[in-house]
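Trainee: Please take me through the labels people attach to a model like this one. I'd like to see how each label is earned.

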Amino acid sequence: MTLTDWIGFIGVTILLVAYFLNLANKISKDGITYIWLNIAGAGIACIASVRLHYLPFIILEAAWTLVSIIALINHLRR
C-alpha cells in the first residue's frame, strides 16, 4: 500500500466510525464528537483524493468537510 492509500484508509475509517457510533446511538449527529470526526475523516480523505488527482472525490470530501465545519461553527454558537 502507498502513503496515499494509508491516508485515504485512515480518513474513511474515521468517517465510518462516526457513522456507526451514531447508528448505535453512542454519539449524537448533533454532538461535538460526531462533528469533529466528520471534519477529520473528510479532511483526511480529501487529502488522499488530492494526491490521487481524483476530482469527483476532491469535491465530495471538500464539501463534506466544509459542511462539517459549518456545523461546528453553529454548534459553538449555541
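**Aromatic pairs**

Mentor: Happily! Let's begin with a count: there are 3 aromatic pairs here, where a pair is two rings of Phe, Tyr or Trp (its six-membered ring) with centres within 6.5 Å.

Trainee: Why are Trp6 and Phe9 called edge-to-face?

Mentor: Their centres are 5.9 Å apart and their planes are at 90°. Planes under 30 degrees apart count as stacked, over 60 as edge-to-face and the rest as tilted, so 90° earns the label edge-to-face. Before we go on, the model is predicted: local features need pLDDT of at least 70, side-chain atom pairs count only at pLDDT 80 or more, while totals for chains, interfaces and linings use all residues. Residues are numbered from 1 along each chain as its sequence is written, and side-chain values use heavy atoms, leaving out hydrogens and water.

Trainee: How do you know how far along the helix Trp6 and Phe9 are from each other?

Mentor: They sit 3 residues apart in helix H1, which means about one helical turn between them. In general, an α-helix has 3.6 residues a turn, so residues three or four places apart point the same way. Helices here are DSSP runs of H or I, at least four residues, numbered from the N terminus.

Trainee: What makes Trp6 and Phe9 partly exposed?

Mentor: Relative accessible area under 20% is buried, over 50% is exposed, and partly exposed is in between (1.4 Å probe, protein chains only). Trp6 has 43% and Phe9 has 48%, so both fall in between. Tyr19 and Phe20 make another edge-to-face pair, at 5.4 Å centre to centre and 65° between the planes. Tyr19 is partly exposed as well, at 43%.

**The surface**

Trainee: What makes a nonpolar patch of Met1, Leu3, Trp6, Phe9 and Ile10?

Mentor: A patch takes residues with over 30% relative accessible area and no salt bridge; nonpolar side chains (Val, Leu, Ile, Met, Phe, Trp, Tyr) are joined within 5 Å, and like charges within 9 Å. Ile10, which lies in helix H1, has 42%, so it passes the area cut-off. Together the five residues offer about 580 Å² of accessible area, computed by the Shrake-Rupley method.

Trainee: How many salt bridges are there, and why do Lys29 and Asp30 qualify?

Mentor: The count is 1. A salt bridge needs a side-chain nitrogen of Lys or Arg within 4 Å of a carboxyl oxygen of Asp or Glu. The closest N and O atoms of Lys29 and Asp30 are 3.5 Å apart, so the pair qualifies. Lys29 is exposed at 53%, whereas Asp30 is partly exposed at 43%.

**Loops**

Trainee: Where is Asn25, and how do you know whether it is buried or exposed?

Mentor: Asn25 is in the loop between H1 and H2. Its relative accessibility is 70%, so it counts as exposed. Its phi is near 60°, a positive value in a residue other than glycine. His53, in the loop between H2 and H3, also has a positive phi, near 60°. At 69% relative accessibility, His53 is exposed.

**Helices H2 and H3**

Trainee: How do you know that the span of H2 agrees with what is expected?

Mentor: The expected span is 1.5 Å times one less than the number of residues. H2 has 21 residues (32-52), so it should span 30 Å, and its end C-alpha atoms are indeed 30 Å apart. H3, with 23 residues, should span 33 Å, and that agrees too, at 33 Å.

Trainee: Why is Ala45 called buried?

Mentor: Ala45, in helix H2, has 5% relative accessibility, so it counts as buried. Leaving aside neighbours within four places in sequence, Ala45 is in contact (heavy atoms within 4.5 Å) with Gly11 and Glu61. Ser49, also of H2, is buried at 8%. With the same neighbours set aside, Ser49 contacts Tyr54, Phe57, Ile58 and Glu61.

Trainee: What do the buried residues of H2 pack against?

Mentor: They pack against helix H1 (3-23) and helix H3 (55-77). In H3, the buried residues are Ile58, Glu61, Thr65, Ser68 and Leu72, and their cover includes H1 and H2.

How values were computed: Helices (H or I, at least four residues) and strands (E, at least two) are DSSP runs, numbered from the N terminus. Accessible areas come from the Shrake-Rupley method with a 1.4 Å probe; for residues, only the protein chains shown count as cover.
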